[in-house]
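Biologist: Please explain on what grounds the terms applied to this structure are justified.

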Amino acid sequence: MKVVVGITGGIAAYKAVGVVRALVLAGHDVHVVPTLAALRFVGKPTLEAISRNPVTSDLYDGVAEVRHVALGQTADLIVIAPATANSLAKLAHGFADDLLGTTVLASAAPVVVAPAMHTEMWAHAATQANVRLLEERGVVLVGPAVGQLTGTDAGAGRMAEPADIVAAAIDAALAANPALDRTPPPDPADPLAGRKVVISAGGTREPLDPVRFLGNASTGRQGVALAVAARDRGAEVVLLAAHLEVPVPDGVRVVAVTTTDSLLEAARLEAADADVVIMAAAVADYRPATTAQGKLKKDDLGDSTTLQLVQNPDVLAALAADRPTSRQVVVGFAAETESDRERLLELGRHKVARKGADFLVLNEVGFGRGFGPGDTAVIVIDRDGRIVAEAAGPKSSVGAAILDAVVRA
Ligand code: CTP
């Protein structure tokens, strides 16, 4: 769908780049209309590169194409993120003194705004009255969220996360016009279009007896996010699913695996004709030396007991060593409990060399950190240990960024 993203002049403007990027990666035709104030926070070249379309703010640019109304007339959706207090006031009262103002007035498309400002400005009666006016007119508001603001203060006024803004915006567009495509057909020129991408996700489990296992905290969210991102870019995706705690996405072939051995078997089979292999699963390095056929009983084990473990094969290293062609890209993950950035990178450089992978996605984990629905932060290094990408935020946008980095190289 054709989406106009209006960006107004607040510090959260830098986060609007994430909104534009997510919409573009989902296949939408995105036209960014920043206000002049927004351009003091984020540069026009960035917005043009990310949106893949020319960017203007000026009413007097492209006059021959009647640009001040053409964008609005042809848009399926208008998203304004961040929306400052000033821009909410202008929108509420129909000001048309810049390209964003004329675009909104010339459009019948749904308008979704993500306010961002200091708590006092948000709470002010004038802003609240403007918000009510906009809502009465059918404008959809996303956020603001409560959290850390620009200075040392915290409270309501933080811009909602880009993924939440995009989800609400697409919902609003589909509610207004069900004929639109939620995910338009992928770009046939995408380097991933028609490629086979194999992704392992979740955590393997090694049985101790019929009811107990050795496992780990992985939920599979990051692997599933990668699968969705690859699918949306037109790839044929196979998800090697080890005990996922999230639903499997549509349009992806799922192969269920349990132990490290079963993952190795499935991975070897699927990787044989794959273009990209991504090992996002947390793989059990050891398994019990024996698996009891019946339930282990305390009466037999006594007050304390010792578990003997034997090492499992290294799936990633095996796949990297036996690639069907040198063109196949093999990507590993490394979740490390190391908070020092340099030491984390050092561990990563050592690991990427030991595994023989082309790329390693590094992230720091801890008790309750790195696993589950929250945000994540990763550094992607190549086989020589060079940093090729860094990304932070929801796993969906981090997944898209990882894919971008390993495909671009
Ligand atoms: N991996 C694998 N097979 C294993 C262990 C890990 O394929 N038996 C993969 C993981 O899927 C991940 C990468 O290797 O992509 C790194 O996993 P990690 O657990 O960080 O590495 P280990 O080799 O287990 O090293 P460590 O001693 O740090 O646990």
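**Ligand contacts and strand β1**

Modeller: An N or O atom in the side chain of Asp285 is 2.7 Å from an oxygen atom of the ligand. The model is predicted: local features need pLDDT of at least 70 and side-chain atom pairs pLDDT 80 or more, whereas totals for chains, interfaces and linings use all residues. Residues are numbered from 1 along each chain as its sequence is written, and side-chain values use heavy atoms, without hydrogens and water.

Biologist: Why is the pair formed by Asp285 and the ligand called a polar contact?

Modeller: A polar contact is a pair of N or O atoms within 3.5 Å. The distance for Asp285 is 2.7 Å, so the pair qualifies. A backbone N or O atom of Met279 also lies 2.8 Å from a ligand oxygen atom. The protein covers 78% of the 570 Å² of accessible area (Shrake-Rupley method, 1.4 Å probe) that the ligand has on its own.

Biologist: What makes strand β1 largely enclosed by the rest of the structure?

Modeller: Five of the six residues of β1 (residues 2-7) are buried, so the strand is largely enclosed. Buried means under 20% relative accessible area with a 1.4 Å probe, protein chains only. Strands are DSSP runs (E, at least two residues).

Biologist: How do you know that β1 and strand β2 (residues 29-34) pair?

Modeller: Pairing requires that DSSP finds at least two bridges between the strands. β1 and β2 have six, in the parallel sense, and therefore pair. Val5 stands opposite Val32 in β2. Four bridges join β1 to the parallel strand β3 (residues 77-83), where Val79 stands opposite Val5.

Terms used
Buried means under 20% relative accessible area, exposed over 50%, partly exposed in between (1.4 Å probe, protein chains only). A polar contact is a pair of N or O atoms within 3.5 Å; within protein, one must be able to donate a hydrogen and the other to accept it, and residues adjacent in sequence count only if both atoms are side-chain atoms.
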